[in-house]
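Please open the model in your viewer and keep the selection tool at hand, since each stop on this tour begins with something to select.

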Amino acid sequence: MFDLDLWREIVSALKKNRLRSFMTAFGVFWGIFMLVIMSGAGKALENGVLDGVKAFATNSAFFWTERTSVPYEGFQRGRRWNYETSDIDYIRDNVKEVEYLSPRLFGNNQTGNNTIRGERTGAFNVFGDYPDYFKIDRWTPAQGRLINEIDLLQERKVCNIGERVAEVMFDKDENPIGQYLKISGVYFQVVGVIHAETRINIGGGKKEETIIIPFTTMRKAYNFGNRVYFFSVTSKPGTKVSDLEEKLKTLLKDRHKIAPEDQQAIGSFNIEKEFVKFSALFLGIQGLTWIVGIGTLLAGVIGVSNIMLVIIKERTQEIGIQRAIGATPATVIKHIVAESVFLTVMAGYIGLSLGVGVLEILNQILLKGGDELFFRNPEINLTMALSALAVLVVAGIIAGLIPAKRAVSIKPIDAIRDEG
Amino acid sequence: MIRLNNIHKSYEMGSSSLHVLKGIDLHIEQGDFVSIMGSSGSGKSTLLNILGMLDNYDNGTYHLSGNLIANMSEKKAAKLRNEMVGFVFQSFNLISFKNAMENVALPLYYKGVPRKKRNLIALEYLDKLGLKEWANHMPNEMSGGQKQRVAIARALISQPKIILADEPTGALDSANSYEVMDILREINDDGITVIIVTHEHDIAAMTSQIIRLNDGRIHEIIRNGELKQFQKEYIHGLETA
């Protein structure tokens, strides 16, 4: 039952003892505030990192070549080698676990400005890719379209350009679609301005400064022969990409006369492994947040208890008088507990609100920071907030009950005499 | 009204026990104005605490308005205290963060009287004691005499049958002391039993009955008629001193 008089008494008692109330409340406030901030920051880091990678196929693996480290079948160690287009066909035909496969060629960007349009020049990263690549590392067209199978089949001289490329090579009010860029001496028609959905970067350079042309066109236009510098695969559902990675490595070593024990010749990594690492990292961060947060909260509650105990000592006389003029022990306990719960809950609520408010302000600032930040959308979930509040109420009751019991155990007359 | 029969009380002081009251037989009628005197350690405050149900006694019987007061639960004692007894203390014991009116109204709060009503009643009592314009002042803004009057108003508000005053003038100068005693006498004239503990002879002389305690026993009871004799003795004592 709501007892207005009781609350009036409590609020007036708290108001008249401002410093004491403030000190008590501050411990709890600080505890929950820190819990919210830390948990929100942890979540923001997680969101930031995962946002940058979540569009990336987690079942993907990447392969490149390094110099051999073991002599084998008459070849000396230190041999340079490349994958070949026949490898791609062979894998497509014979390895059933492969879902998407996209070979890649790296264009020449050593000579500085490799892209020219009229008076404008720029140095960009040029890749020759299959359309399947967009399914592994997601890109979406901001304007125009992505490179497709027909471009590849007909070896069309078309290109997709990153947003930064469009900025540098075209005026703001110019439509890049249908325009031509001279890339390392060959003209390509722009068919799409593309936006990277992830910030995982394969092959170096900024993603906004990327130009992608059809693999087949690149091979022919720049004389790459049957070389393949790099390729990406994804595994079919139900197959672990780590297993596929090993299988492909063994197969490729066999096809290129590389010693089976050579650990160096094939460079590769798979995203799955990185994701497992990430997940563990965030689990760790969250665990730490909770441990530290609960610790802080506990310190706050103990602080409240402590202060309450001191207050009771200070208030012994007051309680004695109240009992002399007719307050029952139950009334006294009710008052003290209600005071304590009121304080902790109010403080907790303020801490919670302020914490969420600070996170929201942070969020607004971060939103202005753009895509580059590895820290975004700080938030805490409702369950956590509510359970923290529940902990506070229980803590408030305990923090009030212990000193209240003590206060009542003192005989009113001793309490009054305390002062003299 | 109050009937004490062979009351014993001792305090545990660590390992030893201190026998404070050694068999008190006392009979106080409704409307009496009684003072309890005695040197320090004679047990006068202990007796007052037992009368006020603030403390238990070990042996004997205590009847208050025909009820036996023994081994009561705190709750029941608190209720009875609230209904029957008003306390006035030497150090006033007002609650420092409540103003005069709120202090006076407090006993009614424990009785469950709504705020508006109890504050109104409190104002009435403050008015009776000439403190109406001080109703919104905090205790630390008032003089000792004013504080004691607030405390008396607080003791009166629950319309008790008995006022128990522990050295009510102990912290006051003589002008204020006499004023407080006048108030207590007026209360007594309304039919409320007033029992005060004091060590001041002139204060005790204003009451109608003096109970002298000595070493836990009643040494003598000086009644109305004999009081003049007591006063004479007291004045004589002063003259020879």
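Leaving aside neighbours within four places in sequence, which residues is Val104(B) in contact with? Select Val104(B) in this predicted model, and then add Ala122(B), Tyr125(B), Leu126(B), Val150(B), Ala153(B), Arg154(B) and Ile157(B), which are the residues that answer the question. Val104(B) also belongs to the largest nonpolar core, a set of 116 residues in which Val104(B) and Ile32(A) touch the most other members. A second core, separate from that one, has 32 residues, and to find it you can select Val126(A), Trp139(A), Ala166(A) and Ala221(A), which are among its members. In soluble globular proteins, nonpolar side chains tend to be buried together.

Next, colour helix α3 of chain B, residues 100–111, and helix α4 of chain B, residues 115–128, which pack with their axes 8 Å apart and at an angle of about 120°. The two helices α3(B) and α4(B) are therefore oblique to each other, and their crossing is right-handed. To see where they meet, show Ala100(B), Met101(B), Val104(B), Ala105(B), Leu108(B) and Tyr109(B) on the α3(B) side, together with Arg118(B), Asn119(B), Ile121(B), Ala122(B), Leu123(B), Tyr125(B) and Leu126(B) on the α4(B) side. Sorted by class, this contact of α3(B) with α4(B) has 11 nonpolar residues, 1 polar and 1 charged.

Stay with chain B and move to Ile203(B), which is found in helix α7, residues 201–204. Is Ile203(B) buried or exposed? Ile203(B) is buried, because 22 other C-beta atoms lie within 10 Å, where 20 or more are needed for a residue to count as buried. Not counting residues up to four places away in sequence, Ile203(B) touches Ser35(B), Thr169(B), Ser177(B), Met181(B) and Thr198(B). Of these, Ser35(B) is worth a distance label, as it lies 168 residues from Ile203(B) along the chain while the C-alpha atoms of the two are separated by 8.5 Å.

Now show both chains and look at where they touch, a contact that takes 24 residues from chain A and 22 residues from chain B. On the chain A side, the elements that give two or more residues are α1 (4–16), α9 (271–324), α10 (329–369) and α12 (412–417). By class, that side of chain A has 10 nonpolar, 6 polar and 8 charged residues.

Finally, select chain A as a whole, whose secondary structure comes to 12 helices and 14 strands. Of its 420 residues, 39% count as buried, and among contacts in chain A between residues at least 6 apart in sequence, 81% join residues at least 24 apart.

Key: Residues are numbered from 1 along each chain as its sequence is written. Chains are lettered from A and ligands numbered from 1 in the order in which they are written. This is a predicted model: local features need pLDDT of at least 70, side-chain atom pairs count only at pLDDT 80 or more; totals for chains, interfaces and linings use all residues. A nonpolar core is a set of buried Ala, Val, Leu, Ile, Met, Phe, Trp, Tyr and Cys residues joined through C-beta atoms within 7 Å. A residue is buried if 20 or more other C-beta atoms lie within 10 Å of its own, exposed if 12 or fewer, and partly exposed in between; C-beta atoms are placed from the backbone. Two residues are in contact if their C-beta atoms, placed from the backbone, lie within 7 Å. Helices (H or I, at least four residues) and strands (E, at least two) are DSSP runs, numbered from the N terminus. Ala, Val, Leu, Ile, Met, Phe, Trp, Tyr, Cys and Pro count as nonpolar, Asp, Glu, Lys and Arg as charged, and the others, Gly among them, as polar. Axes are lines fitted to C-alpha atoms, for helices over the stretch in contact, and angles run from 0 to 180 degrees between N-to-C directions. Angles under 35 degrees count as roughly parallel, over 145 as roughly antiparallel, 65 to 115 as roughly perpendicular and the rest as oblique. A crossing is left-handed if the near helix is turned anticlockwise from the far one by less than a right angle, and right-handed if clockwise.
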